[in-house]
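Biologist: I am new to this structure, and I would like a close look at one single part of it. Please pick a helix, explain what surrounds it, and only then tell me how that part sits within the whole.

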Amino acid sequence: MHASPDGEITTEAYRQLMDLLRSRHSCRAFLDDPVDHVTIRQMLEAAQLSATWNNCQPWDVIVTSGPATEAFREGLLRAATTEDVNSDIPIPEVYEGKYKMRRREAGLALYAAVGIERGDHEGRERQSLENFRLFGAPHALIVHAEAVLGPYAYVDCGAYIANFLLAAQALGIAAIPQAAIAMQSRFLHEHFGIGPERVMVAGISFGYAAPYRVNDFRTSRAPLDEVVTWLPADGGDHEIDDHA
């Protein structure tokens, strides 16, 4: 551990973590090559260490490979093109203000990265359907939880997903978290034989990244001052008066 001239304390572990966070991105084109079982288990073991409310560990996951992935991909795409959105978790009704701006910025940058012009609605629809083709990934992971556990379970599942993604990055595996998969919850329940007492939270497609330009696309992140409220307002250190 050492301090920089501006007082910032850092460690090698922190630098490695920041490298993983900065290099991780959502992969949108995969090679056919499967990931070996040992590596998949390593990612799952890392995610299993996620922080969790009351140690409930509410997540259960399904991992597909080979013909199971192909059957899932085929059925999911069919559901997405014939069924309306049906998510177990309510989706946002509207995006306003900074949320609308961030979403629009990311969407326009993605379409530009794949050469889709503004006004090309067919091109946008075609790219959107890649979600349900799993972007060609050889593996899918589905996260689901007990409905009675409510929103706290979804928060824990989010932590699980984040840690799975970091573990994948550390092991050289590309991945993309996908809320879109859970927007066909009815199909997921039927396809995997999971009852209504479970909530479909999200999916992850993973494998090895294909060398296509869509994988050069990156989203931005808001600066800290846009999302952090400091108390005291100046964010500075204040000495405690032992005699108060």
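**Helix H6 and the sheet beside it**

Modeller: Let us take helix H6, residues 151–170, whose 20 residues reach 29 Å from the first C-alpha to the last, close to the 28 Å expected at 1.5 Å a residue. Please keep in mind throughout that this is a predicted model.

The buried residues of H6 are Ala153, Asp156, Cys157, Tyr160, Ile161, Phe164, Leu165, Leu166, Ala167 and Ala168. It helps to recall that an α-helix has 3.6 residues a turn, so residues three or four places apart point the same way. The cover over the buried residues of H6 includes helix H1 (12–23), H2, S3, S4, S5 and S6. After H6 comes glycine 172, with a positive phi near 80°.

One buried residue of H6 is a cysteine, and cysteines invite a check. The structure holds zero disulfides, and cysteine 157 is accordingly in none, the nearest cysteine sulfur being that of cysteine 56, 11 Å away. A disulfide needs two cysteine sulfur atoms within 2.5 Å, so a sulfur at that distance does not qualify. Cysteine 157 has a relative accessible area of 0%, and because anything under 20% is called buried, this residue counts as buried.

The strands that help to cover H6 belong to a sheet. This open sheet has four strands in the order S3-S4-S6-S5, paired in antiparallel fashion. Strand S3 (60–64) and strand S5 (174–178) form the edges, each of them pairing on one side only. If direction is ignored, neighbouring strands of this sheet are turned by 20° against each other on average.

At one edge, S5 runs antiparallel to strand S6 (residues 198–207), and five bridges join the two. Along this pairing, alanine 175 stands opposite phenylalanine 206 in S6, while glutamine 178 stands opposite glycine 203 in S6.

Other helices also pack on this sheet. Helix H2 (residues 37–47) touches S3, strand S4 (139–146) and S6, and its direction makes about 160° with that of S3. Helix H3 (residues 66–82) touches S3 and S4, and the direction of H3 makes about 70° with that of S4.

Although S5 is an edge strand, S5 is mostly covered, with four of its five residues buried. How buried or exposed is glutamine 178? Glutamine 178 lies in strand S5, and its relative accessibility of 2% is under the 20% limit, so glutamine 178 counts as buried. Beyond its neighbours within four places in sequence, glutamine 178 is in contact with Asn131, Leu134, Phe135, Ala202, Gly203, Ile204 and Ser205.

One of those contacts leads to a further detail of the backbone. Phenylalanine 135 sits in the loop between H5 and S4 and has a phi near 55°, which is positive in a residue other than glycine. With a relative accessible area of 4%, phenylalanine 135 is buried. Asparagine 55, in the loop between H2 and S3, likewise has a positive phi, near 60°, in a residue other than glycine. Asparagine 55, however, is exposed, with a relative accessible area of 53%.

For the wider setting, the secondary structure of the chain comes to nine helices and six strands, and buried residues make up 35% of its 244 residues. Of the contacts in the chain with a separation of 6 or more, 83% are between residues 24 or more positions apart. The C-alpha trace spans about 70 × 45 × 40 Å along its principal axes.

Notes:
Residues are numbered from 1 along each chain as its sequence is written. This is a predicted model: local features need pLDDT of at least 70, side-chain atom pairs count only at pLDDT 80 or more; totals for chains, interfaces and linings use all residues. Side-chain values use heavy atoms; hydrogens and water are left out. Buried means under 20% relative accessible area, exposed over 50%, partly exposed in between (1.4 Å probe, protein chains only). Two strands pair if DSSP finds at least two bridges between them. Axes are lines fitted to C-alpha atoms, for helices over the stretch in contact, and angles run from 0 to 180 degrees between N-to-C directions. Contact means heavy atoms within 4.5 Å. The expected span of a helix is 1.5 Å times one less than its number of residues.
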